[in-house]
Amino acid sequence: MQNASSEAMLKVEHLSKSYHNKNGDYFEAVRDISFKIPEGMCFGLLGPNGAGKSTTIQCISGLYPPTAGRILINSIDVHRNPKKAREYLGICSQEENLDSDFKVYDQLVWHARYFHIPMKVAKPLATKLLERFVLSDKADARVEALSGGMKRRLQVARAFISNPRLLVLDEPTTGLDPDVRRILWEILLESKKQGMAILLCTHYMEEAARLCDQVAIIHRGQILDIDSPEQLVKKYITKEVIEEEVRPGVVWKRPPNLEDVYLKVTGSHLGVVDL
Amino acid sequence: MTESMWGIWSVWRRYFAVFRKSFLYYLTTAFLEPILYLTSFAFGLGNLIGDVKVGNEMMNYQSFVFSGVIAQTVLFQGFFEGAYGGFFRLNYQRIFQAIATTPVTLSEVIWAELLWDASKATLASLLVTAIGIATGNFLWSSIILMIPVCFMSALLFGALGLCTAGYSSNIDQISYPQFLFVFPMFLFCGVFYPIDVLPDPLPTLVWILPLTSVNSLMRTIAVGTPFESYALAIIIAWVVVAIFMARRALMSRLVK
């Protein structure tokens with residue numbers, strides 16, 4: 001294993017991905033995108049539905065082969081050597097894929113087996129993760145008995161079981177209560193401090209602005225810009241105050257934020273007056 | 001993509017751990033189903049029929065139908081585990097998608113699924129074999145050859161079930177191969193009567209369906225009917241084709 005402190009934990013190099021969609025049309029989901037995430041960085045991938053975020057994640061996970069370009073996790077090509085590359089990867093996909101045949105605690109322990117993790121390491125780690133994600137009292141519950149938010153939390157917790165150096169989260173906070181969302185934010189910031197590289201796909205601009213050191217805005221399969229949330233706001237929004245008509249006749253005045261950038265760059269101006 | 005035994009084993013163990021939790025339920029149903037068929041056909045119908053002519057020899061109908069029920073068990077257990085179990089794991093649990101982001105590859109998960117479906121159906125069919133031996137219908141030594149033949153056949157029907165699961169976009173679509181393929185095999189491939197009593201050209205045509213070969217080979221092992229070497233060749237060919245089709249179905253379903 002090489003020291004990756006100077007190398008990026010994740011490198012996406014000129015990734016393109018095309019496939020035939022359900023109607024049989026050839027579809028370019030991702031077109032020549034590049035970015036890298038060094039250790040200790042949280043990188044946000046923002047874009048509307050169908051922008052190519054999930055396809056990018058499926059390529060990073062090694063499940064979809066890239067049409068062009070390559071993806072390196074800790075300098076290992078994930079498509080050529082998925083077994084080795086994925087030892088460093090923890091992933092929480094957008095769709096729920098918990099193994100409902102196992103109870104909450106067993107869920108985590110069984111997932112660890114696929115990573116060669118010995119039981120004497122996995123068991124205390126699973127207990128600790130349930131504590132951190134406030135699921136300890138559900139350790140013996142069946143997955144079906146959990147609420148949507150709890151399932152989501154458990155699936156994020158499961159991504160931590162292998163102590164990954166690259167964490168990929170696709171919409172991790174969808175359906176979470178505000179207090180639980182904050183717990184997850186805390187966990188992510190702490191993991192980042194410990195050197196974890198994090199790729200975060202989210203619809204919540206506030207979340208991206210809080211957590212991400214860098215943000216890429218992706219639209220129709222292409223990255224339109226990459227920068228820190230602060231720089232993006234400076235670059236795209238020249239106004240000091242944004243006026244937004246939130247209800248007919250009710251106009252809010254507020255400082256510009258990442259959401260304004262997102263709306264402007266992706267070409268939608270709904271509701272916001274004159275960006 | 002390189003497979004490792006460890007990857008396949010780690011997933012197979014997952015199936016086994018789940019299976020252990022419902023073992024008693026499984027054992028009960030795996031025993032009950034063949035016993036229901038056997039009681040009805042071997043003892044009910046068998047009393048009306050007495051002996052049947054297989055090839056040029058007469059044999060007891062009870063023994064005849066007993067070996068047929070082994071083949072039927074492999075067919076049903078293998079196909080339904082692959083089709084319905086596979087469909088559930090693919091579309092509701094999504095364990096393929098979840099495990100294939102770990103150091104275990106998708107190809108290994110699919111191999112484990114194939115081997116598991118086959119393992120479960122093999123176990124069920126060996127139970128029937130054991131009942132057959134205990135009731136004096138088969139020689140005890142038949143179990144030695146029965147193990148590999150049951151496993152091969154289980155792999156065949158499990159893979160066809162899994163292929164069905166991969167190509168079905170909703171659970172109702174599984175009924176098509178069930179009624180067009182599985183039930184016709186159950187009824188026409190020699191489970192309950194020798195195929196040569198069927199009108200021409202059916203006795204030849206039914207060899208297209210793999211259960212005819214499975215029945216022939218199992219009956220040779222269990223009750224010593226003449227060995228038809230092409231039956232073995234047909235089974236092996238079907239196993240290869242079925243596994244290829246199942247893997248293709250799942251790969252094309254999961255990988256873009």
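**Figure 1. Secondary structure of chain B in the predicted model.** In this predicted model, chain B contains 10 helices and two strands. Followed along the sequence, these elements of chain B come in the pattern α-α-β-β-α-α-α-α-α-α-α-α.

**Figure 2. Overall dimensions and packing of chain B.** The C-alpha trace of chain B extends over about 60 × 40 × 30 Å along its principal axes. Because a compact globule of 256 residues would have a radius of gyration near 18 Å, the value of 19 Å for chain B agrees with that expectation. Of the 256 residues in chain B, 48% are buried, and among the contacts in chain B between residues at least 6 apart in sequence, 77% join residues at least 24 apart.

**Figure 3. The open sheet of chain A.** Six strands of chain A, in the order 6-7-8-3-9-10, form this open sheet, in which the pairing is mixed. Strand 6 (89-92) and strand 10 (222-227) of chain A each have a single partner strand and stand at the edges, so one side of each has no neighbour in the sheet. On average, and with direction ignored, neighbouring strands of this sheet are turned by 15 degrees against each other.

**Figure 4. Pairing of strand 3 with strand 9 in chain A.** Strand 3 (residues 42-46) and strand 9 (residues 214-219) of chain A run parallel and are joined by four bridges; A:L45 stands opposite A:A216, a residue in strand 9 of chain A.

**Figure 5. Helix 6 across the strands of chain A.** Helix 6 (residues 178-193) of chain A lies across strand 3, strand 7 (166-170) and strand 8 (197-201) of chain A, and helix 6 runs at about 145 degrees to strand 8 of chain A.

Terms used:
Residues are numbered from 1 along each chain as its sequence is written. Chains are lettered from A and ligands numbered from 1 in the order in which they are written. This is a predicted model: local features need pLDDT of at least 70, side-chain atom pairs count only at pLDDT 80 or more; totals for chains, interfaces and linings use all residues. Two strands pair if DSSP finds at least two bridges between them. Axes are lines fitted to C-alpha atoms, for helices over the stretch in contact, and angles run from 0 to 180 degrees between N-to-C directions. Two residues are in contact if their C-beta atoms, placed from the backbone, lie within 7 Å. The radius of gyration is taken over C-alpha atoms; the globule rule is 2.2 Å times the number of residues to the power 0.38. A residue is buried if 20 or more other C-beta atoms lie within 10 Å of its own, exposed if 12 or fewer, and partly exposed in between; C-beta atoms are placed from the backbone.
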